[in-house]
Amino acid sequence: MQQNSCALSVRQRVARMRQNSYLNSLIFAAAFLLCVGALAGAQTVATVYNFAGGTTSGANPWYVTLVQGTDGQLYGTTYNGGSHGKGTAFKVTTSGTFTLLHSFNGGASDGAYPTGGLTLGSDGNFYGTTQMGGSGSEGVAFKMTTTGTVTVLHTFNAGTDGAFPWGPPILASDGNFYGTASDGAKNNGLVYKITSTGTYTTIYSFDQTHGTYPIASPTQGTDGFLYVPVAEGGTSFCGTIVKLSTAGVLNNTYDFPCASGGSFPIGPLVQASNGNFYSTTQNGGSNNEGTIYQVTTALAVTILHNFGATFGDGLFPSAGMALGTDGNYYASTAEGGSFDDGTLFNTSTSGTYNELFSFNNSANLMQMSPLSPPVEYTTGLLYGVTEFGGTTNQGTVYSLNNGLTAFVNAPLFSGKQGSSVLLLGNHLTGTTRVTFNGVPASFVVHSDSHMTATVPSGATSGWIRVTTASGTVRSRKVFMVER
């Protein structure tokens with residue numbers, strides 16, 4: 001394997017993949033770009049786990065944001081590794097104890113080569129996709145229990161629906177899951193709806209005018225609409241954002257203008273408390289090395305940061321940003337930083353940008369490629385993955401301590417009065433009180449790390465607060481009470 005292949009940015013790797021007519025052959029090409037690396041130590045960043053590949057571990061978590069499960073462990077996927085070399089689903093404790101849950105084997109009955117990680121459902125199960133596998137080798141959507149039992153919910157078929165999904169579907173307020181497939185629908189990709197039992201519906205098919213090649217998962221706004229960044233297409237062929245109803249009715253479109261206005265948006269949007277959404281473009285900006293942008297519900301876009309403006313800045317942010325409980329967004333860049341091995345950063349909603357950490361793999365002269373943002377665990381620590389690096393050069397799980405405080409989380413922050421809400425947290429045993437915007441709620445504690453609460457009669461939209469023996473903690477975001 002040639003070392004210079006590792007110098008390819010994520011942008012170049014994906015561009016190479018887009019040149020072929022079928023994404024499956026492209027994915028195999030990307031898989032050969034594995035390289036060596038090691039995570040440098042720092043006060044606030046620590047290695048939690050080193051992927052080892054082979055039959056007992058995964059390798060190369062690609063485009064993955066971890067997710068916290070009801071047992072308090074972190075769940076994700078790897079593109080390679082496992083018993084069949086076609087990727088894995090795994091869980092890892094915050095102290096680094098790793099469990100291989102499922103080795104994907106492809107074929108008609110299983111997926112292969114998952115990217116993007118997993119989504120936690122309100123039922124406590126996880127939902128995800130693979131880029132390949134299934135009867136047509138064009139990917140599957142699946143459900144997985146916390147013990148690793150995988151059920152294929154849908155096999156993608158470019159002739160009848162989509163193909164080659166990158167990210168997991170998101171859980172929406174109607175209880176259904178919504179996702180994107182990068183191919184199918186006349187080779188332009190689509191948005192789909194799927195239930196927890198596998199009932200599948202294509203709700204919107206892209207054309208080049210409104211976008212093509214969607215990589216990012218949709219985001220549901222507080223207005224109920226789905227907002228979807230699309231990697232290419234539009235008037236300048238530099239990508240779009242579409243706003244859709246959950247029935248697939250197009251409401252609005254934004255076209256990225258290339259150059260200083262940004263291009264190739266592959267990260268999902270995340271809505272802040274001010275109602276606006278924030279994300280990144282991998283290309284474009286004043287230095288053509290990516291941007292941070294804000295977009296309103298009316299799809300008015302403002303560029304907040306241009307990457308590569310100063311020496312040591314991050315380059316090519318790949319997969320959007322995650323909103324922390326301090327109101328800042330946290331994310332990574334695939335390249336750049338003091339050692340050109342990638343960075344971690346945060347930004348305020350007004351665009352105040354701070355580099356938090358530069359990955360250092362100078363011993364091997366290869367990028368670490370932290371492709372996706374870290375997730376905030378309910379203790380306040382952040383956890384993420386790098387695609388490469390670690391003791392066996394197969395990727396790592398890392399933690400970042402930026403002084404954030406504990407909170408309670410939920411798969412879905414909306415529901416009607418009388419509905420049951422799954423809550424995640426820490427030290428929940430001995431909980432004495434749960435309130436929805438100040439209204440006391442009935443609850444059941446299932447373990448030290450998860451509980452359920454019933455939205456009380458008379459509750460209105462606001463914060464969930466949980467009182468434990470350790471004190472009172474607030475929900476990660478405002479819970480919207482539906483009428």
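Okay, quick definition before anything else: when I say buried, I mean a residue under 20% relative accessible area. Keep that in mind for strand 35, which is where I'd like to start. And a reminder that we're looking at a predicted model here.

So, strand 35 covers residues 382-386, and five of its five residues are buried. In a regular strand, the side chains alternate between the two faces of the sheet. Which residues sit on which side here? L382, G384 and T386 are on one side, Y383 and V385 are on the other, and all of them are buried, so both faces of strand 35 are covered.

Now the neighbours. On one hand there's strand 34, residues 375-376, running antiparallel to strand 35 and joined to it by two bridges. E376 is the residue standing opposite L382. Those two strands make a hairpin with five residues between them, and in that hairpin G380 has a positive phi, near 105 degrees. Then there's strand 36, residues 396-400, which pairs with strand 35 over five bridges, again in the antiparallel sense. L382 turns up here too: its bridge partner in strand 36 is L400.

Right, on to the cores. As a general point, nonpolar side chains in soluble globular proteins tend to be buried together. The largest nonpolar core here has 17 residues, and the ones touching the most other members are L423, V434, F436, V466 and F479. Which strands feed this core? Strand 38 (420-424), strand 39 (433-436), strand 42 (450-454) and strand 43 (464-468) each give it at least two residues. If you want one residue to click on, try V466. Leaving out anything up to four places away in sequence, V466 touches V408, L423, L428, T431, R433, V434, M451, G471, T472 and V473. There's another core lying apart from that one, with 16 residues, including W62, A231, I266 and A334.

Okay, aromatics. A search of the whole structure turns up 27 aromatic pairs. F51 is a nice one to follow. With F90 it makes an edge-to-face pair, 5.2 Å centre to centre and 75 degrees between the planes. These two come from distant parts of the chain, 39 residues apart: F51 is in the loop between strand 1 (45-50) and strand 2 (58-59), while F90 is in strand 6, residues 88-92. Why do we call F51 buried? Because its relative accessible area is 0%, and the cut-off is under 20%. F90 counts as buried as well, since its relative accessibility is also 0%.

F51 has a second edge-to-face partner, F98, at 6.0 Å centre to centre with 85 degrees between the planes. F98 is in strand 7, residues 98-103, and lies 47 residues from F51. Like F51, F98 is buried.

Elsewhere, ring pairs link W62, Y63, Y79, Y113 and W166 into a cluster. W62 should sound familiar, as one of the members of that 16-residue core. And for anyone who likes charges over rings: R474 has its charged end over the ring of W463, 3.5 Å from the centre, and K243 lies over the face of F225, 4.7 Å from the ring centre.

Last thing, how far can we trust all this? The chain averages a pLDDT of 90, with 90% of the residues scoring at least 70. The catch is residues 1-43, where pLDDT stays under 50, although the model has 107 contacts for that stretch beyond four places in sequence. Where pLDDT is low, the predicted coordinates should not be read in detail.

Conventions
Residues numbered from 1 in each chain as written. Predicted model: local features only at pLDDT ≥ 70, side-chain atom pairs only at ≥ 80, totals over all residues. Heavy atoms only, no water. Core = buried A, V, L, I, M, F, W, Y, C linked by side-chain atoms within 4.5 Å. Buried < 20%, exposed > 50% of the residue type's maximum accessible area, 1.4 Å probe, protein only. Helix = DSSP H or I, 4+ residues; strand = E, 2+ residues; numbered from the N terminus. Contact = heavy atoms within 4.5 Å. Pairing = 2+ DSSP bridges. pLDDT = per-residue confidence, 0-100. Phe/Tyr/Trp six-rings, centres within 6.5 Å; stacked < 30°, edge-to-face > 60°. Lys NZ or Arg CZ within 6 Å of the ring centre and 35° of its normal.
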